[in-house]
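Please open the structure in your viewer and keep the selection panel at hand. The tour below proceeds by selections, each followed by what is to be found there.

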Amino acid sequence: MALVMQKHKMPEQDPKARAHNFDEVALGYTEELAVAEANRCLHCKVPHCRKGCPVEVDIPEFIAKIKERDFVGADEKIKESNSLPAICGRVCPQENQCEKYCVMGIKGEPVGIGRLERFVADYCMQNGTEKIVKTVREDMPKVAIIGSGPAGLACAGDLVKLGYQVTIFEALHTAGGVLSYGIPEFRLPKEDVVKPEIDNLRKMGVKIEVNAVIGKLFTIDDLMQEYGFSAVFVATGAGLPHFMNIPGENFNGVYSSNEFLTRCNLMKAYRFPQYATPIKVGKVVAVVGGGNVAMDSARTALRLGAEHVYIVYRRSEAELPARREEVEHAKEEGIDFRLLNNPVEILGDANGYVTGIRCIKMELGEPDASGRRRPVPAGSEFDLAVDTVVIAIGQGPNPLVQSTTPDMAVNKRGNIIADEESCKTSKEGVFAGGDIVTGAATVILAMGAGKKAAKAIDEYLKEKFAK
């Protein structure tokens, strides 16, 4: 049978329709499409795809089970390494990870590994065929995890499988971290995907305490000295927004992407007045930045009723850090990309409301430390008339946990210093991983850190209690 060199196309909502609703854009493979895509896998003797997976999923084996239509077996194979497959299948940048190493990608397109992972997870959730076993043991040590984002959830999943008593402390009223407050509903449905995946961890025995602000309610020392936790994993992410420090950022109508997306995703502003969370989006919106968060913000603004949405980014399209798929979806929906432009001022009226954004034309110079060509001013200033501006240029670490744990070392940016492989910090029994250590990165890299931390915590506790 001749090899199919191109991926089977993912069914999607029509761009004209989806630009005005919050339903999921990608509709998922059917059984027939999934089996057909699985049949593109060559089952290489040396499966290079595996080295691109931060959570070490046995990719060839789960795909082989899809070929056999053993979808439940495929789900079980994935979950040996990955506790959140329905999430990873949607938001992981597979093109830069597992699929990057797929041999099929040399002369054609790589196998749609992420699409197949999503299909398997969705199939089992929708058909009630997931096999969830409570694995926690009352005679095992207690481990505290601070933060219920991807790193914390991945660490909890691996530790509870080993029998540990795991409690996650989440500052917000809903678990999930960036999965709940950051990524929009049209990319990652909360009730149908995020909540069931987290509920599965609860069924395995993971306890999740919400509205629990560590650093205010308890300190790390309190958890270890008064509440009997033998180890702590800090996975608080990067939730402190960065701003440009240009004139006008205090005008009404200027949002950080964190506030804008949190209001919409976690606090359900897109369902106002059913949910009492107002969010003001004017007719014309400018989103500053070029990453996935910028794409999410721009596409959210469009769905909230904006008539025109700009992406303002200081480099060219080749340097956009967002996933190619997200950029293409944004273009299809009508987002206006103003590239090689850098904002220098936000304009406002006498009442303190945004009226525009002043930019300067840029050109690309020599590469900087990131390896991308540095943007330098190259033209005159010009104004874009807008009434809302969303700043989406990155996030940093919230200092609350670090400031109440003086014997835990941090770097000059406020990130916790931890060993890359063991996730050990300078404080005995305390581990850290994900964005709180590396700065803002991807969901799957945070999950990879959580898995490394779980392994290191297991080794640490075995040694500690063997003495």
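**First sheet and its flanking helix**

Begin with the open sheet of five strands, whose order is β6-β13-β7-β8-β9 and whose pairing is parallel. Strands here are DSSP runs of E with at least two residues, helices are runs of H or I with at least four, and both are numbered from the N terminus; two strands pair if DSSP finds at least two bridges between them. At the edges, select β6 (254-256) and β9 (336-339), each of which pairs on one side only. From one strand to the next, the twist averages 20°. Angles throughout run from 0 to 180 degrees between N-to-C directions, and axes are lines fitted to C-alpha atoms, for helices over the stretch in contact.

The model is predicted, with local features requiring pLDDT of at least 70 and side-chain atom pairs pLDDT 80 or more, while totals for chains, interfaces and linings use all residues. Residues are numbered from 1 along each chain as its sequence is written, and side-chain values use heavy atoms, with hydrogens and water left out.

Within this sheet, select β7 (residues 284-288) and β8 (residues 308-313): the two run parallel and are joined by five bridges. A286 is found opposite Y310 in β8. Next, add helix α11 (residues 257-265), which lies across β6 and β13 (388-391) and runs at about 85° to β6.

Continue to the peptide bond between F272 and P273, which is cis, with omega about 10°. P273 belongs to the loop between α11 and β7.

**Two antiparallel hairpins**

Select β10 (residues 341-348) and β11 (residues 354-367), an antiparallel pair joined by seven bridges. L347 stands opposite G356 in β11. Five residues lie between the strands of this hairpin, where G352 takes a positive phi near 85°.

Extend the selection to β12 (residues 373-385), which pairs with β11 in the antiparallel sense over nine bridges. The bridge partner of G356 in β12 is A385. The hairpin of β11 and β12 also has five residues between its strands, and G371 has a positive phi near 90°.

**Second sheet**

Now display the open sheet with the order β3-β2-β1-β4-β15, five strands in parallel pairing. Its edges are β3 (207-209) and β15 (430-432); each has a single partner strand, so one side of each is left without a neighbour in the sheet. On average, neighbouring strands are turned by 20° against each other, direction ignored.

Select β1 (residues 142-146) together with β4 (residues 229-234), which pair in the parallel sense over five bridges. A144 has V232 in β4 as its bridge partner. Helix α7 (residues 150-161) packs on the sheet and touches β1, β2 (165-169) and β4, its direction making about 170° with that of β2.

**Helices around α6**

Select α3 (residues 59-67) and α6 (residues 113-127), which pack at an angle of about 60° with their axes 11 Å apart. That makes α3 oblique to α6; angles under 35 degrees count as roughly parallel, over 145 as roughly antiparallel, 65 to 115 as roughly perpendicular and the rest as oblique. The crossing is left-handed, a term used if the near helix is turned anticlockwise from the far one by less than a right angle, with right-handed for clockwise.

To show the contact (heavy atoms within 4.5 Å), select I59, F62, I63 and I66 in α3 with I113, L116, E117 and V120 in α6. These residues divide into seven nonpolar, no polar and one charged. Ala, Val, Leu, Ile, Met, Phe, Trp, Tyr, Cys and Pro count as nonpolar, Asp, Glu, Lys and Arg as charged, and the others, Gly among them, as polar.

Replace α3 by α2, which packs with α6 at about 140°, with axes 10 Å apart. This angle makes α2 oblique to α6, and α2 passes α6 in a left-handed crossing. Here E31, A34, E37 and A38 in α2 meet L116, F119 and Y123 in α6.

**A salt bridge and an unusual phi**

Finally, select R69 and E32, whose side chains meet in a salt bridge at 2.8 Å, N to O. R69 lies in the loop between α3 and α4 (71-79) and E32 in helix α2 (residues 31-38), so the pair ties together parts that are 37 residues apart in sequence. The whole structure contains 35 salt bridges, each a side-chain nitrogen of Lys or Arg within 4 Å of a carboxyl oxygen of Asp or Glu.

End at E56, which is not a glycine but has a positive phi of about 60°. E56 is placed in the loop between α2 and α3.
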